[in-house]
Amino acid sequence: MLARLAAFNRAEDPRLRQILLRSADAALTLLAFVLAYIVRYQLEWFKDVEPIHVQTFRAYLPSALSLVVVQLAAFQLAGVYRNGQIRGWLHETWTVANASTLTILVLIMGHLFFNPQLYSRLVFLYTAIMMTGLLGGLRLGLWAVRRLLYSHGLGHEKVLLVGTGELGLMLMRNIVAQPDLGWHLLGFLDEEGEVPPRDIGRFRLLGSVSDLPRILRDLRPDRVIICLPQSHAELLQQSLETCRDQGIQPQVVPNLFQVTRNQIKLDTLQGVPLLSEQPISITGWNYWLKRLADLVLFVILMVPSLIVGAVIAIAIKLESGGPVIYTQTRVGRHGNPIRVFKFRTMVSDADTRLDEVADLDNAQGIYFKIKDDPRCTRVGRFLRSFSLDEVPQFINVVRGDMSFIGPRPGLPAEVERYEPWHQKRLAVFPGITGLWQVSGRSDLTFDEMVLLDIYYAENWNLGLDLSIALRTIPTVLLRRGAY
């Protein structure tokens, strides 16, 4: 069953999918109108209907049919059915809600102008709400099916990156941060000496660009994205011709977009476009907005955290004595050192026994991580599994050293080993939770963590913070990647 769904989802000809989606939208739009009529005239929620004002559904039938036609047209104009446009569920639902609202407004204006007969305005309001719920629910269901397929390794689109450098890294961090795309990155090809010849996290270095013909024959990717800089124009042209010769239509990342769209500022001079690069997004008003959100969240969580903290402190004292709080020097924004507070989860002399466990390192990359650290206490293992050891970092948030949401604060010894592209993660304040934590935590490699951190820094907005905060709850409760 899942295999058939995957084959349908990956069908070369999208026309059948489009016909089914439009038909489902039309049926649900009509259902929304029927439900709105029932709520208003039969259930009479919120406001009773005077007998003199009761209308039969037949009187509303022309409106219902007009709504379906106008809705499909509005969806077409809004790009809901646009092929090849990659959007998340929330973005698509927002587009659907806007188009639905516009449709209802058009319908109301049409009634006022062409048909002054008195209709209940609440019917149209209920219809707008029902439409958004039903059509958004449909897309949520489709999104859930795709996630189910992806979790079983089905329906993925095999992607090959040609070129690395900043353009390639930008593509990688977008792929890591957006698993809902359904893209499985087979690996990447190096433009011969531009970056050190090594894998980046789970992304494999498959060879140089000159190996493209062989790679295409062996791996048969569904999508080839060429992200070569302008200085390699000849190599780019050769790559395009190689893909076309093997029946693959490649995509090219323009060199202009070595920065994200959020970092591009557009000005005009007498109609001449002038593009400039803006700094990473958490600056200026964005910085103060994020800071205000941190302080508001601290006020909300202050009392519960004090109660939980008191219980944890007693548990630590009863089991192993010694200090309750463990402080450690970490690297904060712009590489500045900060003192980070945590509940102690190890024996008191854990730092002096580091050499005993050096060969147990489970981390893949620069940072040090042990899955079953023998120095952990029983209370400490429990605290780590639910991330409760990080509650004292609320102090760091109030002091302005950290944010509730941001990259993991690195150790000085780790930062000294950073490659140049790793440094971008230091452009924002570190956080208690973040995109890497809700995307796999300790199960991710260091390079994947950095890709996610840089994506967060370049694409920050309050909506992204809210999404990470909501995703943190099941991640912590289910203890995904925690140790």
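Okay, one term before we start: when I say partly exposed, I'm talking about a relative accessible area between the under-20% of buried and the over-50% of exposed. Also keep in mind that this is a predicted model.

Let's begin with the aromatics. The count comes to 5 aromatic pairs. Take F382 and F386: their ring centres sit 5.2 Å apart with the planes at 55°, so that's a tilted pair. And how accessible are those two? F382 has a relative accessible area of 47%, so we call F382 partly exposed. F386 comes out at 21%, and F386 is partly exposed as well.

Next up, Y418 and F446. This aromatic pair is tilted too, at 5.6 Å centre to centre and 40° between the planes. Y418 is in the loop between helix 12 and strand 11, while F446 belongs to helix 13, so the pair ties together parts that are 28 residues apart in sequence. Are these two rings buried or exposed? Y418 is buried, with a relative accessible area of 9%, and F446 is buried at 1%.

There's also an aromatic cluster, made up of Y287, W288 and F429. Hold on to Y287 and F429, please, since they come back with the cavities.

So, cavities. We get 2 of 30 Å³ or more. The largest has about 110 Å³ of space. Its lining is 13 residues, and the ones nearest the centre are Y287, K290, D294, S403 and F429. Helix 9 and strand 10 are the elements that give two or more residues to that lining, with helix 9 supplying the largest share, 4 residues. By class, you're looking at 7 nonpolar, 3 polar and 3 charged.

The second largest cavity has a volume of about 40 Å³. Residues lining that one include V331, R333, P407, R408, R425 and P430. Its lining divides into 6 nonpolar, 2 polar and 3 charged.

Last thing, backbone angles. Most residues other than glycine have a negative phi. Here are two with a positive one. R220, not a glycine, has a phi of about 45°, and R220 is in the loop between helix 7 and strand 4. With a relative accessible area of 39%, R220 is partly exposed. Then S387, whose phi is near 60°, is in the loop between helix 10 and helix 11. Is S387 buried or exposed? S387 has 17% relative accessibility, so S387 counts as buried, the cut-off being under 20%.

How values were computed:
Residues are numbered from 1 along each chain as its sequence is written. This is a predicted model: local features need pLDDT of at least 70, side-chain atom pairs count only at pLDDT 80 or more; totals for chains, interfaces and linings use all residues. Side-chain values use heavy atoms; hydrogens and water are left out. On a 1 Å grid over the protein atoms alone, a cavity is a set of points where a 1.4 Å probe fits but cannot get out, and a pocket is an open set with protein on both sides within 12 Å along at least five of seven lines; lining residues have an atom within 4 Å of a point. Grid points are joined across faces, edges and corners, and a volume is the space filled by probe spheres set on the points. Ala, Val, Leu, Ile, Met, Phe, Trp, Tyr, Cys and Pro count as nonpolar, Asp, Glu, Lys and Arg as charged, and the others, Gly among them, as polar. Buried means under 20% relative accessible area, exposed over 50%, partly exposed in between (1.4 Å probe, protein chains only). Rings of Phe, Tyr and Trp (its six-membered ring) pair if their centres lie within 6.5 Å; planes under 30 degrees apart count as stacked, over 60 as edge-to-face and the rest as tilted.
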